[in-house]
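Colleague: I have the model open and would like to go through the terms with you. Could you take me through the reasoning behind each one?

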Number of protein chains: 2
Amino acid sequence: MTKRQARGQARMEQILAAAAEAFAESGYEAVSTNTIAARAGISPGSLYQFFANKDDIARALAERYAAQLAELRSAAFDGADLAALPLDQLIGAITAPLVQFNLANRGFKALFARPDLPPSLTTAVAPLHAALLGRVSALLSVRAPGVAPDVVERTATVAIQLVRAMMPLIVAADGAERAALEGELRAVLHGYLEPVIG
Amino acid sequence: MTKRQARGQARMEQILAAAAEAFAESGYEAVSTNTIAARAGISPGSLYQFFANKDDIARALAERYAAQLAELRSAAFDGADLAALPLDQLIGAITAPLVQFNLANRGFKALFARPDLPPSLTTAVAPLHAALLGRVSALLSVRAPGVAPDVVERTATVAIQLVRAMMPLIVAADGAERAALEGELRAVLHGYLEPVIG
DNA sequence: GGAGAATACGAGCGAGTGCTCGTATTTGTC
DNA sequence: GACAAATACGAGCACTCGCTCGTATTCTCC
């Protein structure tokens with residue numbers, strides 16, 4: 001158990017930033033640890049001073065994303081009465097910051113949006129998935145108190161999946177096309193959720 | 001340009017079948033050409049008698065899938081009046097055989113359902129994507145003649161994306177849960193398309 | 001049955017991977 | 001300033017990858 005110095009903390013941030021960039025460009029498997037080190041401006045050996053292996057980098061990145069998403073949620077939902085908000089506004093209040101987050105963190109989708117992660121990575125992003133599922137399930141329960149738990153969970157899973165599927169399209173587009181696709185995402189969610197939580 | 005014998009054709013089928021299985025289990029990158037050869041019961045050298053490289057295998061597989069899908073479409077739509085069918089039934093008539101196809105060809109999603117394919121693979125599956133987009137666009141145009149072409153294309157893209165996103169969930173489940181998720185897929189499509197092609 | 005083409009083999013190539021290790025330098029603490 | 005801990009380096013290890021090549025076998029066709 002080594003005690004990190006300020007310099008070490010900064011290096012870890014450098015490495016994670018470099019890894020996120022690289023993953024965003026080429027995907028997890030295609031990025032070598034030597035490439036990450038080079039992009040971070042350090043040697044391969046130094047990288048392993050801070051992370052046990054490549055998966056550990058993904059894990060740390062997923063953790064950082066989870067924390068940022070938690071902050072995002074707090075900021076967006078503070079003071080709003082989720083149970084009372086019209087569905088339109090609820091969807092808008094959730095998707096808008098999510099799109100912003102994905103635009104600002106383009107490495108996110110490389111870890112989160114893939115349907116078939118390598119087994120090692122599955123472990124790394126499982127907490128992130130679980131946290132999101134729990135959050136959305138809770139929200140749905142508040143809006144539709146009568147629905148059975150297993151139905152709530154299935155509905156939440158599908159809703160998350162829909163957002164995951166649309167996000168790459170939205171991020172890849174820009175200008176008017178991006179705005180249009182954001183509208184489509186809201187329409188999809190509205191069409192799916194309206195019968196459940198009118 | 002070598003002339004294939006019957007034996008050679010059979011070998012190519014063996015190889016494609018082995019590759020599809022392996023891709024379904026582990027994903028494209030994680031599968032080595034030596035593993036494909038071993039699963040097909042041949043040597044690495046023999047594999048390259050029939051395919052120029054790994055991407056070529058994916059390309060051939062994508063081609064085969066495209067042909068099978070085309071047949072599927074013909075079988076499902078023959079004699080039905082697509083313009084007149086109620087939306088519910090139209091969606092059912094399309095999604096049901098699609099689910100069957102994905103269950104029977106579990107390697108399909110490894111080539112088609114991923115948002116971030118390696119560049120080489122993008123070329124291999126591009127024709128498949130284009131064919132599907134064209135088919136769905138044409139269908140939407142028939143159902144909603146007044147809509148602008150760029151809107152039709154965007155709607156088709158989104159609809160395809162929704163199916164792509166839901167399919168792994170459906171295939172991974174079974175029994176009652178699979179049936180429920182199929183229902184969710186229909187609900188998603190209905191909710192999204194109803195305002196466009198009521 | 002003989003010639004040429006197609007099919008088959010499998011050891012092993014060059015390149016690239018994730019990662020290590022011996023060594024050198026910088027930092028915090030007294 | 002001394003000493004240990006933390007940080008930094010980068011050549012190179014063991015391994016796997018996609019793929020090749022020399023050689024051997026089997027098929028087709030006259």
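Colleague: What makes the pair formed by Ser46(A) and a phosphate oxygen of DNA strand D a polar contact?

Modeller: A polar side-chain atom of Ser46(A) lies 3.2 Å from that phosphate oxygen. A polar contact is a pair of N or O atoms within 3.5 Å (within protein, one must be able to donate a hydrogen and the other to accept it, and residues adjacent in sequence count only if both atoms are side-chain atoms), so the pair qualifies. Backbone atoms take part as well: a polar one of Gln5(A) is 2.8 Å from a phosphate oxygen of strand D, and a backbone N or O atom of Val31(B) lies 3.2 Å from one.

Modeller: Before we go on, this is a predicted model, where local features need pLDDT of at least 70, side-chain atom pairs count only at pLDDT 80 or more, and totals for chains, interfaces and linings use all residues. Residues are numbered from 1 along each chain as its sequence is written, chains are lettered from A and ligands numbered from 1 in the order in which they are written, and side-chain values use heavy atoms, leaving out hydrogens and water.

Colleague: Which residues come nearest to DNA strand D?

Modeller: Of the 25 residues around the strand (a heavy atom within 4 Å), they are Lys3(A), Gly45(A), Gln49(A), Thr33(B) and Lys54(B). Helix 3 of chain A gives the largest share of this surface, five residues. Of the strand atoms within 4 Å of the protein, 69% belong to sugar or phosphate, and the rest to bases.

Colleague: Why is helix 1 of chain A called roughly perpendicular to helix 4 of chain A?

Modeller: Helix 1 (residues 6-26) and helix 4 (residues 54-77) of chain A pack at about 95 degrees, with their axes 10 Å apart. Roughly perpendicular covers 65 to 115 degrees, so the name fits this pair. Among the residues that meet (heavy atoms within 4.5 Å) are Leu16(A) and Phe23(A) from helix 1, and Ile57(A) and Tyr65(A) from helix 4.

Colleague: And how do you know that the two copies are related as by a two-fold rotation axis?

Modeller: A rotation of 180 degrees, with 0.1 Å of shift along its axis, superposes chain B on chain A with an RMSD of 0.0 Å. The fit is by least squares on the C-alpha atoms of residues with pLDDT of at least 70 in both copies. The copies are therefore related as by a two-fold rotation axis. Gly191(B) is the residue of chain B closest to that axis, at 1.9 Å for its C-alpha.

Conventions
Axes are lines fitted to C-alpha atoms, for helices over the stretch in contact, and angles run from 0 to 180 degrees between N-to-C directions. Helices (H or I, at least four residues) and strands (E, at least two) are DSSP runs, numbered from the N terminus. Angles under 35 degrees count as roughly parallel, over 145 as roughly antiparallel, 65 to 115 as roughly perpendicular and the rest as oblique.
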